[in-house]
Amino acid sequence: MSARWLFRRLFDLVFVMWFMATVIFFLLRVIPGDPVLMLLGMDQVSKEAVAILRTEFGLDQSLLSQYFLWLANIITGDFGVSLRSGIPVIDLVRSALSVTFVLAMFALLIGVALSIPLGIAAARRQGRMTDLALTTSALFGISTPSFVLALLGIYIFSVTLKWLPVAGYVPFLEDPLEALRHMVLPSIALGLVSAGILMRMMRRSVIDESGEEYVRTARAKGASEFKVFYGHIMRNALLPYMTLVGIEAGILLSGTVITESIFALPGLGRLMIENILHRDYPVVQAAVFVITAIYVLANFLIDFLYTVLDPRIKVK
Amino acid sequence: MKDSKSGLTSGELQMAEMPNLASVILRNLFRSPAGIFGFGLTIIILICAIFAPVLAPADPLLQNLTRATILQLPNLDHLLGTDPLGRDILSRLFYGARTSLLVAGSSVATAVLLGMVLGSLAATLGGWCDRVTMRLMDSMLAFPLMVLAITISVALGRGPVGAIVAIAVVNLPTFTRLARAKTLKINQSQFMTAATVMGAGLLWRFVHHIVPNMINTIIVQTSIALAFAVLMESALSFLGLGIQPPAPSLGFMIAEARNFLTLAPHVVFFPATAIFLIVLGLNLLGDALSDTLDVRKER
């Protein structure tokens with residue numbers, strides 16, 4: 001890995017960010033509906049009031065100057081204020097981000113914790129009953145929408161057994177135990193799907209690596225089965241797995257929209273959906289931009305880590 | 001195109017070498033239980049969807065709003081019970097599967113066709129055409145899929161068209177990249193050089209050489225993309241962005257019924273199972289196909 005490679009990747013990163021910012025801006029302007037009319041109520045508004053608000057929000061300026069203002073704002077990190085509540089967008093996004101982040105990390109933790117041992121177990125007993133049972137459950141996991149898992153979880157653990165709250169959010173600092181109890185179901189609903197995807201990958205790469213020449217060499221040289229497995233097979237099998245974990249982290253951070261809306265968690269996805277409905281452009285733009293930026297950054301980080309972890313990868 | 005005599009010869013040669021794709025697929029598919037199950041499940045669901053008007057025991061939109069007729073448990077009149085508006089759930093499932101598959105199918109078909117054309121054009125023409133196309137596809141992949149799909153379907157207005165375009169756009173980069181990679185390889189082969197020397201045009205080469213040689217990989221990716229598209233369609237309609245009520249869609253059926261989870265869990269359970277079965281069938285089919293067509297080794 002050279003400085004030149006890093007420079008090029010950083011350039012790509014900036015390009016993608018600009019592209020995203022542009023697409024987000026123009027896509028949102030296509031959405032029918034006027035934010036000012038939405039805010040004031042559809043009828044019985046005086047033209048003056050509408051005009052005043054338009055000027056205040058900068059909506060009277062041309063689309064192009066609004067666009068450049070948006071780009072300038074991103075660079076300075078100032079996303080303006082919410083049209084509806086007047087709260088600085090950056091504050092809304094920051095508090096939502098922390099909720100989404102905690103949720104995604106819990107889910108990822110569940111996914112990883114389940115997929116590594118189960119993936120290994122399936123691969124080591126390839127073709128036998130254990131393997132069949134595990135791969136079938138993984139397939140079930142990836143074939144179920146997370147909102148179905150969420151509703152199933154609510155029905156079993158909240159409605160029937162009454163062990164866990166149905167929905168809602170408690171800040172961690174206020175009451176750590178309650179906060180955790182509110183996070184259990186959402187993170188399991190998200191995490192099980194990831195577990196299925198990750199487990200299939202773990203199994204596949206352990207099986208693939210086990211068939212490699214170097215494994216036979218190691219065995220021929222008399223290495224213990226433990227050494228062969230953890231020293232040789234796992235070391236290599238973890239590489240593709242780690243890439244997928246990174247991708248999954250990006251997907252989870254950006255894919256909590258539905259889970260958040262089911263469990264009434266005030267995260268980024270819910271911020272986005274709610275404000276799309278109210279045409280609160282600054283908030284939606286910022287939320288979508290932040291979600292996308294996290295996703296892009298996560299992928300960038302994986303690429304970077306991958307070249308560090310695997311010296312065989314020659315960067316063009 | 002028929003007057004291009006040389007091209008016809010090479011095209012026939014090419015076709016003669018290829019065994020009948022459909023029969024190869026079917027023969028190998030039935031070797032594994034997963035393949036049989038996935039194929040069978042998908043066929044059954046397809047039949048339910050296509051023949052929904054014949055199979056459905058009742059009008060899926062017919063409401064019956066009395067205390068006795070809403071949220072009924074499965075009974076002889078309504079085999080799967082009734083929903084919060086007293087509509088027959090089984091009939092709604094048939095029609096819901098139909099819309100689900102229609103949206104997923106047409107969006108994936110769009111992505112496949114457009115992706116194949118764009119990808120092979122990019123690979124064949126090269127230069128700035130290649131660079132611009134692939135940069136665009138990379139940038140599209142940089143978006144989180146769900147967020148991109150939601151934004152597009154909101155921008156285009158709620159309804160089937162918005163959902164179809166959103167899901168097609170989200171799937172397009174994968175197919176374009178796949179088609180490009182395959183075409184680059186195919187273009188280097190000798191039969192391609194021969195065809196070009198004999199004067200086969202761009203369209204001829206595409207139809208008679210490029211498409212038959214990458215169809216295996218595309219078929220496998222299509223079944224995976226279909227499963228994903230059904231999931232995405234159900235998620236969009238769950239959020240109220242897909243098919244608009246009162247038209248039945250599996251995702252929105254769940255969204256409508258979720259407030260009655262305590263009272264009547266079966267109203268949520270049945271459409272959820274329907275989505276699960278559709279996606280499971282397609283996933284099994286995809287797994288079996290990728291083993292059969294041996295695509296994994298090629299990648």
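Let's start inside chain A, where α9(A) passes α10(A) in a crossing that is right-handed. This is a predicted model, so take the geometry that follows as computed from its coordinates. Helix α9 covers residues 213-220 of chain A and helix α10 covers residues 225-254. Their axes come within 10 Å and cross at roughly 150 degrees. That angle makes α9(A) roughly antiparallel to α10(A), since anything over 145 degrees counts that way. On the α9(A) side, the residues doing the touching are A:Y214, A:V215, A:A218 and A:R219. Across from them, α10(A) offers A:V228, A:H232 and A:I233. Sorted by class, this contact has 5 nonpolar residues, 1 polar and 1 charged.

Now step back and look at chain A as a whole. Chain A has 13 helices and 0 strands, so reading from the N terminus you meet one α element after another. Its C-alpha atoms fill a box of roughly 85 × 60 × 35 Å along the principal axes. Of its 316 residues, 36% count as buried. Take the contacts in chain A with a separation of 6 or more: 72% of them are between residues 24 or more positions apart.

Where in chain A should you look for a buried helix? Try α12(A): 8 of its 10 residues are buried, so this helix is largely enclosed by the rest of the structure. The buried residues are A:L268, A:G269, A:R270, A:L271, A:M272, A:I273, A:N275 and A:I276. Notice that A:R270 and A:N275 are on that list alongside A:L268 and A:L271.

While you're around α12(A), check the backbone on either side. After the helix comes A:R279, with a positive phi near 55 degrees. In the loop between α11 and α12 of chain A sits A:A264, which has a positive phi of about 50 degrees although it is not a glycine. Most residues other than glycine have a negative phi. Is A:A264 buried, exposed or partly exposed? It counts as partly exposed, because it has 13 C-beta neighbours inside 10 Å. A further case is A:K162, in the loop between α7 and α8 of chain A. Phi of A:K162 is positive too, near 55 degrees. A:K162 is exposed, as it has 9 other C-beta atoms within 10 Å.

On to chain B. Here again there are 13 helices and 0 strands, and the elements run as α throughout from the N terminus on. The box for the C-alpha atoms of chain B is roughly 75 × 40 × 35 Å. Buried residues make up 48% of the 299 residues in chain B. Among contacts in chain B between residues at least 6 apart in sequence, 73% join residues at least 24 apart.

How far can you trust chain B? The average pLDDT is 81, and 91% of the residues score at least 70. Confidence in chain B is lowest in helix α1 (residues 5-17), with a mean of 45, and highest in helix α5 (residues 89-125), at 91. Over residues 1-17 of chain B, pLDDT stays under 50, and the model has 23 contacts beyond four places in sequence for that stretch. For the model overall, ipTM is 0.79 and pTM is 0.82.

That brings us to where the chains meet. In the model, 29 residues of chain A are in contact with 29 residues of chain B. On the chain A side, the elements giving two or more residues are α1, α6, α7, α11, α12 and α13. The largest share, 6 residues, comes from α7(A). By class, the side of chain A that touches chain B has 24 nonpolar residues, 5 polar and no charged ones.

Which helix of chain B does α7(A) pack against? One partner is α12(B), residues 265-292, which packs with α7(A), residues 146-160, at an angle of about 145 degrees. The axes of these two helices are 10 Å apart, and their crossing is left-handed. From α7(A), the residues involved are A:V148, A:L151 and A:Y155. An α-helix has 3.6 residues a turn, so residues three or four places apart point the same way. Facing them in α12(B) are B:P265, B:V268, B:A272, B:I275 and B:F276. This contact of α7(A) with α12(B) has 8 nonpolar residues, with no polar and no charged ones.

Note on methods. Residues numbered from 1 in each chain as written. Chains lettered and ligands numbered in written order. Predicted model: local features only at pLDDT ≥ 70, side-chain atom pairs only at ≥ 80, totals over all residues. Axes fitted to C-alpha atoms, helices over the stretch in contact; angles between N-to-C directions. Helix = DSSP H or I, 4+ residues; strand = E, 2+ residues; numbered from the N terminus. Left-handed = near helix turned anticlockwise from the far one by under 90°. Contact = placed C-beta atoms within 7 Å. Nonpolar A, V, L, I, M, F, W, Y, C, P; charged D, E, K, R; others polar. pLDDT = per-residue confidence, 0-100. Buried ≥ 20, exposed ≤ 12 C-beta atoms within 10 Å, placed from the backbone. Parallel < 35°, antiparallel > 145°, perpendicular 65-115°, else oblique.
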